[in-house]
Amino acid sequence: MNKKILENIKTIFYALIIAMIIRSLIIQPFYIPSSSMEPNLLVGDRLFVTKYSYGYSKHSFPFSLPIIKDRIFFNEPNRGDVIVFKTPSDNRTDYIKRLIGKSGDVIQFIDGDLYLNNNQILKTKIKFSQQIFCGNKEISVNYFEEKIENKKYISVSFKNYGYQNSDKFVVPKDHYFFLGDNRDCSKDSRFLSSVGFVNKNNLVGKARFIFFSSDKNIGSIFKFWRWNEILRFDRFFKKIK
């Protein structure tokens, strides 16, 4: 009997080691808790992030164990990538935003338009007066299709007003500038005291696809008799753009 218990403990131990290796080096699930990336990512989306996309740092490991001093096997991310990173303010909280600026880039908002290195990011209005969430409130926004480095994605701004003008943000060496797609409801690199520029060592991984999604505003997933309302089946296995 003792031998059987010992074998079970060994099996569980090896399983935990394998799971930790997969989570640290290959792929990790994440949950979307806020509306800062609407409409592309919704509260209740569960997605997979590839850990190998940009190499590895201490933040690749559980609890950010200081196993690695700097970043190794580094691959430069592309503008427009949706990336999970640790916030510089505490090096602990996971944020997910879209990469807009790299080292040396100059970012500025002028009359609500986004400029990168003095060139306006191509933006086309595609929907008017749409309702999306900002926290627990619904807000009226316009939808825009933006294009950066041949990558197209949707951003939204308040219908009647929004983030109009800013100073120039100059991205330091080995840092990145991130924005939420829900521009008027996102705490991101525009807010230097809380997020600001993100060091390359804080990158966790690239968001790849949604594997599960549920609408908590309708009910808990444990109410299986309402799954047809709660589960967003159309978002299952949806690629993140």
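Two strands are said to pair if DSSP finds at least two bridges between them, and the strands themselves (E, at least two residues), like helices (H or I, at least four residues), are DSSP runs numbered from the N terminus. The structure described here is a predicted model, in which local features need pLDDT of at least 70 and side-chain atom pairs count only at pLDDT 80 or more, while totals for chains, interfaces and linings use all residues. Residues are numbered from 1 along each chain as its sequence is written, and side-chain values use heavy atoms, with hydrogens and water left out.

**Strand pairing**

Strands of a sheet pair through backbone hydrogen bonds, either parallel or antiparallel. In this model, S1 and S2 pair in the antiparallel sense over five bridges, and Tyr-31 has Arg-46 in S2 as its bridge partner. S2 also pairs with S14, again in the antiparallel sense, over six bridges, and here Thr-50 stands opposite Lys-206 of S14.

Elsewhere, four strands form an open sheet with antiparallel pairing, in the order S7-S6-S5-S11. Its edge strands are S7 and S11 (169-170), each of which pairs on one side only. Between S6 and S7 the antiparallel pairing runs over two bridges, and Gln-120 in S7 is the bridge partner of Tyr-115.

**Nonpolar cores**

In soluble globular proteins, nonpolar side chains tend to be buried together. A nonpolar core is taken here as a set of buried Ala, Val, Leu, Ile, Met, Phe, Trp, Tyr and Cys residues joined through side-chain atoms within 4.5 Å, where buried means under 20% relative accessible area, exposed means over 50%, and partly exposed lies in between (1.4 Å probe, protein chains only).

The largest such core has 13 residues, and those with the most contacts inside it are Leu-41, Leu-47, Val-82, Ile-96, Ala-207 and Ile-240. Two or more residues come from each of S2, S3 and S14 (203-213), and the largest share, three residues, comes from S14. With contact meaning heavy atoms within 4.5 Å, Ile-96 touches several residues beyond four places away in sequence, among them Ile-32, Met-37, Leu-41, Leu-47, Val-82 and Ala-207. Apart from this core lies another, of twelve residues, including Ile-107, Leu-114, Tyr-153 and Phe-177.

**The disulfide**

If a disulfide is a pair of cysteine sulfur atoms within 2.5 Å, the count comes to one. The pair is Cys-134 and Cys-185, with sulfur atoms 2.1 Å apart, and the disulfide is right-handed because the torsion about its S-S bond is about 95°. Cys-134 lies in S8 (residues 122-134) and Cys-185 in the loop between S12 (175-179) and S13 (198-199), so the disulfide ties together parts that are 51 residues apart in sequence. Cys-185 counts as buried because its relative accessibility is 15%.

**Backbone exceptions**

Most residues other than glycine have a negative phi, and most peptide bonds are trans. A cis peptide bond nevertheless joins Glu-38 and Pro-39, with omega about 5°, and Pro-39 lies in the loop between S1 (27-31) and S2 (45-50). Two residues with positive phi are set out below.

| Residue and phi | Loop | Relative accessibility |
|---|---|---|
| Ser-64, about 50° | between S2 and S3 (82-86) | 15%, buried |
| Asn-117, about 55° | between S6 (113-116) and S7 (119-120) | 32%, partly exposed |

Neither Ser-64 nor Asn-117 is a glycine.
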